[in-house]
Amino acid sequence: MLSRHQDPIAAIATASGRGAVGIVRVSGRGLAPLVRALVGRELRPRQAHYGPFLAGDGTALDHGLALWFPAPHSYTGEDVLELQAHGGPVLLQLLLARCLEAAAEADPATGRPRLPGLRLAQPGEFTERAFLNGKLDLAQAEAVADLIDASTEAAARSASRSLGGAFSQAVGALRDDLTQLRTLVEATLDFPEEEIDFLQQADAAGQLARLQARLDEVLASTRQGALLREGMHVVIAGQPNAGKSSLLNALAGAELAIVTPIAGTTRDVVQQTIQIEGVPLHVIDTAGLRESGDADEVERIGIERAWQRIEGADAVLFVHDLTRAHDAEYARADDGIRARLAARLSARVPVIEVWNKADAVAADAIDGPSEGRDGIRLSARTGVGLDALRQRLLQCVGWTGTTPEGLFSARQRHVQALQRVGEHLCAARALLQANAPALELLAEELRLAHEALGTITGAFGADELLGAIFSRFCIGK
């Protein structure tokens, strides 16, 4: 542990702004003298005590609840004091300042500072201490932030399962199987003179195949969990007056974007997060795409921003106007946009062609929904076809419709770690199937797989990774 992890820390643990209740939290070793200075008495462990919170002159700053959690039975694994006061921002700042002041004052009983080195906590430092002190593994610590940031009910439920250890248990089962396999390989390396073929008799090939199958199952659930947590960014693009803003309003169920018959109404990016079957989708409406010579300066800036958002999208809805489907000039402009999309986007980013304004044309006015192209015909005004579009979006991101109760929260780094595990296991399988397997290389591939697996729960990990994870937490958590 770094030296800063030894310092006692304090912070306001509730969100900024006014509220009925606000919490100031202190964590460290040997908090008893500070507790006496702040509440004027000894506290029974893990019981709420109502009373005054004392200023330096003995007067009451406020009255509220004090809770004392001696180590190791606390959130951080250290001594923890929580002061639950009224939630005024000024009052909470006064109470926090009093904690720092009282810590530096001399204790009458010893003549030494009550809690030397008490400082303000950094973002995520309470949860970081919980991880470092073995109260949570890294996947559970990340689930704390995921639970706070959850934007849908399904995301909240899956984060709660990860916090409870569901994801860690799945990773732990893989780790146990991999450890057993590594033990067999190492035994073969350590005793090459033995006639017994450890690997063959123990069915190492079968164990590896079963391990890969279980890894595939965990990876599939992890991808779904990452999707629930992070959602996908969907950009609505197309020519002016194709109905992009109307489509955003229809998907969001609210009048978010201005809709007029005037071309170029949308000048800037409009974004709204919606959910489909619990999956968050960040839908972005952009300025109509056309040749910059036909647009004024403000609209040109909007078009450039539109292309920037398109390049960062997970999926693009390319909206066409059905009422202009047979207009040659309109079709040429659509072809130009389609070519630019193909040039700017990765092949893995799906482009869904949406033919809007179906209510304004006869059902048999054109051959198929999109003039021979694979698209969806809908009306943003009436809502016809929206359900088909929603299902297409879920298919594009690989959502399988798994019930939230069977998922756990996960992140892209977890998906990438499991993919690395799979790559090393594939390499190990190829070595094992060779006529004369190179056991040293096989052992190394299994070691690398084990190490990649350990980065998920924190068994293996660099300080840079920990810093990147916990710096995104809110202060006080």
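# A guided tour of the predicted model

Begin with P72, which lies in the loop between strands β4 (60-69) and β5 (79-87); helices (H or I, at least four residues) and strands (E, at least two) are DSSP runs, numbered from the N terminus. The peptide bond leading from A71 into P72 is cis, its omega being near 5°.

The model is predicted, so local features need pLDDT of at least 70 and side-chain atom pairs count only at pLDDT 80 or more, while totals for chains, interfaces and linings use all residues. Residues are numbered from 1 along each chain as its sequence is written, and side-chain values use heavy atoms, with hydrogens and water left out.

## The open sheet

Select β7 (232-238), β8 (270-276), β9 (279-285), β10 (315-321) and β11 (351-356), and add β12 (375-377). These six strands form an open sheet of mixed pairing, in the order β8-β9-β7-β10-β11-β12; two strands pair if DSSP finds at least two bridges between them. At the edges stand β8 and β12, each of which pairs on one side only. From one strand to the next, the twist averages 25°. Axes here are lines fitted to C-alpha atoms, for helices over the stretch in contact, and angles run from 0 to 180 degrees between N-to-C directions.

Now display β10 and β11, which run parallel and are joined by six bridges. Within this pairing, V316 stands opposite V351 in β11. Add helix α11 (residues 328-344), which packs on the sheet and touches β7, β10 and β11. The direction of α11 makes about 175° with that of β10. Contact means heavy atoms within 4.5 Å.

## Helix α9 and its surroundings

Proceed to α9 (residues 244-252), a mostly covered helix in which seven of the nine residues are buried. Buried means under 20% relative accessible area, exposed over 50%, and partly exposed in between (1.4 Å probe, protein chains only). The residues to highlight are K244, S245, L247, L248, N249, A250 and L251. What do the buried residues of α9 pack against? Their partners are β7, β8, β9, β10, β11 and α12.

On either side of this helix, inspect the backbone. N241, in the loop between β7 and α9, has a phi near 65°, a positive value in a residue other than glycine. N241 counts as partly exposed, at 28% relative accessibility. After α9 comes G253, whose phi is also positive, near 70°.

Next, select T286, in the loop between β9 and α10 (297-311). T286 counts as buried, at 0% relative accessibility. A polar atom of the T286 side chain lies 2.7 Å from the backbone oxygen of I236. A polar contact is a pair of N or O atoms within 3.5 Å; within protein, one must be able to donate a hydrogen and the other to accept it, and residues adjacent in sequence count only if both atoms are side-chain atoms.

## Aromatic rings

Where is the one aromatic pair of the structure? Select F167 and F408: the ring centres are 4.6 Å apart and the planes lie at 20°, so the pair is stacked. Rings of Phe, Tyr and Trp (its six-membered ring) pair if their centres lie within 6.5 Å; planes under 30 degrees apart count as stacked, over 60 as edge-to-face and the rest as tilted. F167 belongs to helix α6 (residues 166-190) and F408 to the loop between α12 (386-396) and α13 (412-433), so the pair ties together parts that are 241 residues apart in sequence. F167 is buried, at a relative accessible area of 0%, and F408 is buried too, at 7%.

Two further rings have a charge to display. The charged end of R25 sits over the ring of F126, 5.2 Å from its centre. K477 lies over the face of Y75, 4.6 Å from the ring centre. The criterion is that NZ of Lys or CZ of Arg be within 6 Å of the ring centre and within 35 degrees of the ring normal.

## Final selections

T457 is found in helix α14 (residues 439-457) and is buried, with a relative accessible area of 10%. Leaving aside neighbours within four places in sequence, the contacts of T457 are F131, D137, L138, A139, S168, V171 and R175.

Conclude with A213 in helix α8 (residues 204-230), which counts as partly exposed at 39% relative accessibility. Measure from its C-alpha to that of G422: the two residues are 209 apart in sequence and 9.9 Å apart in space.
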